[in-house]
Amino acid sequence: MRSIAPHSFKAPWSRSLVLLSWGSTLVLLAATGVLYAHGPAWVVPVPLLVLAGTAPFTIRGYEVGPDSLVVRRLFWDTILPLAGLVSAEADPRAMKGSLRTAGNGGLFSFTGYYSNRALGDYRALVTDPARAVVLRFPTETLVVSPEDPQAFVAALGRP
């Protein structure tokens with residue numbers, strides 16, 4: 001049975017997410033400079049808009065409450081009901097071999113919809129794939145990456 005008090009977990013970034021985010025940011029800033037020097041004026045802000053559009057979706061942490069999982073973003077929270085949760089399992093290989101079908105593949109997070117042989121289609125709200133926890137519901141699968149996957153699973157009250 002889940003506790004009434006919420007359990008908070010940080011969402012640490014993997015080395016690959018740090019490298020992808022820094023690298024992409026530098027490329028987008030360089031592209032802005034090149035476009036400013038050589039491109040049409042209306043195109044100059046596009047790389048900056050990409051950064052401004054993705055940064056708010058950064059995942060800062062997770063909170064397990066009695067009936068919901070709260071994903072802490074930069075400026076808001078995404079609340080996901082836990083009703084119907086069938087299983088929760090820490091699996092550091094959960095995202096191996098995944099293809100992104102819609103979403104963000106490493107600019108401040110790995111979020112959106114992915115697919116692989118092991119999980120099928122799933123939604124990811126991840127900052128470190130090696131800390132993956134797979135949450136299975138009757139109609140969907142969700143992957144998150146709290147700082148302590150085993151404690152996160154325990155907070156959910158499921159093996």
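Trainee: Start me in S4: which residue there is the bridge partner of serine 68?

Mentor: Proline 81 is the bridge partner of serine 68. Keep in mind throughout that this is a predicted model.

Trainee: What makes strand S3 and S4 a pair?

Mentor: Count the bridges. Pairing takes at least two. Five bridges join S3, residues 68–73, to S4. The cut-off is met, so S3 and S4 pair. They run antiparallel.

Trainee: How many residues does the hairpin between S3 and S4 use as its link?

Mentor: Three residues join S3 to S4 in that hairpin.

Trainee: How do you know that the side chains alternate along strand S4?

Mentor: Go through residues 77–81 and sort them by face. Thr78 and Leu80 point to one face, and both are buried. Asp77, Ile79 and Pro81 point to the other face and are not buried. The general rule fits: in a regular strand, side chains alternate between the two faces of the sheet.

Trainee: Why is threonine 78 called buried?

Mentor: Set its value against the limit. Buried means under 20% relative accessible area. Threonine 78, a residue of strand S4, has 15% relative accessibility, so it counts as buried.

Trainee: What makes the link between threonine 78 and arginine 73 a polar contact?

Mentor: The distance and the atoms. A polar contact needs a pair of N or O atoms within 3.5 Å, one able to donate a hydrogen and the other to accept it. The side chains of threonine 78 and arginine 73 make such a contact at 3.3 Å.

Trainee: Leaving aside neighbours within four places in sequence, which residues are in contact with threonine 78?

Mentor: Leu69, Val70, Val71, Arg73 and Arg123.

Trainee: Over to strand S7. Why is asparagine 116 called buried?

Mentor: Use the 20% limit again. Asparagine 116 has 8% relative accessibility, so it counts as buried. Its place is in strand S7, residues 110–116.

Trainee: Which backbone nitrogen does the side chain of asparagine 116 reach at 2.7 Å?

Mentor: That of leucine 119. The asparagine 116 side chain also reaches the backbone nitrogen of alanine 118, at 3.2 Å. Both distances sit within the 3.5 Å cut-off. Beyond four places in sequence, asparagine 116 is in contact with Ala94, Met95, Lys96, Gly97, Ser98 and Tyr122.

Trainee: How do you know that S7 and strand S8 pair?

Mentor: Seven bridges join S7 to S8, residues 120–126. The requirement is at least two, so they pair. They run antiparallel. One of the partnerships sets phenylalanine 110 against valine 126 in S8. S7 and S8 form a hairpin, with three residues between them.

Trainee: Do S8 and strand S10 run parallel or antiparallel?

Mentor: Parallel. Three bridges join S8 to S10, residues 141–144. Three meets the requirement of at least two, so this is a pair as well. Leucine 125 stands opposite valine 144 in S10.

Trainee: What makes phenylalanine 108 stand out in its phi?

Mentor: Its phi is positive, about 80°, although phenylalanine 108 is not a glycine. Most residues other than glycine have a negative phi. Phenylalanine 108 lies in the loop between strand S6 (99–105) and S7.

Trainee: Is phenylalanine 108 buried or exposed?

Mentor: Buried. Its 15% relative accessibility is under the 20% limit, so the label holds.

Trainee: Why is arginine 60 called partly exposed?

Mentor: Partly exposed is the class between buried, under 20%, and exposed, over 50%. Arginine 60 has a relative accessible area of 46%, so it falls in between. It is found in strand S2, residues 59–64.

Trainee: How far apart are arginine 60 and tryptophan 42 in space?

Mentor: 33 Å, C-alpha to C-alpha, with their positions 18 residues apart in sequence. Arginine 60 does touch Lys10, Ala11, Arg72, Arg73 and Leu74, not counting residues up to four places away.

Trainee: Now the whole protein chain. How many helices and strands does it have?

Mentor: Three helices and ten strands. Their order along the sequence is β-α-α-β-β-β-β-β-β-β-β-β-α. Of the 159 residues, 42% are buried.

Trainee: What area does the protein chain expose?

Mentor: About 8700 Å², with carbon and sulfur atoms supplying 64% of it.

Definitions and conventions: Residues numbered from 1 in each chain as written. Predicted model: local features only at pLDDT ≥ 70, side-chain atom pairs only at ≥ 80, totals over all residues. Heavy atoms only, no water. Buried < 20%, exposed > 50% of the residue type's maximum accessible area, 1.4 Å probe, protein only. Helix = DSSP H or I, 4+ residues; strand = E, 2+ residues; numbered from the N terminus. Contact = heavy atoms within 4.5 Å. Areas by Shrake-Rupley, 256 points an atom, 1.4 Å probe, with all protein chains shown as cover.
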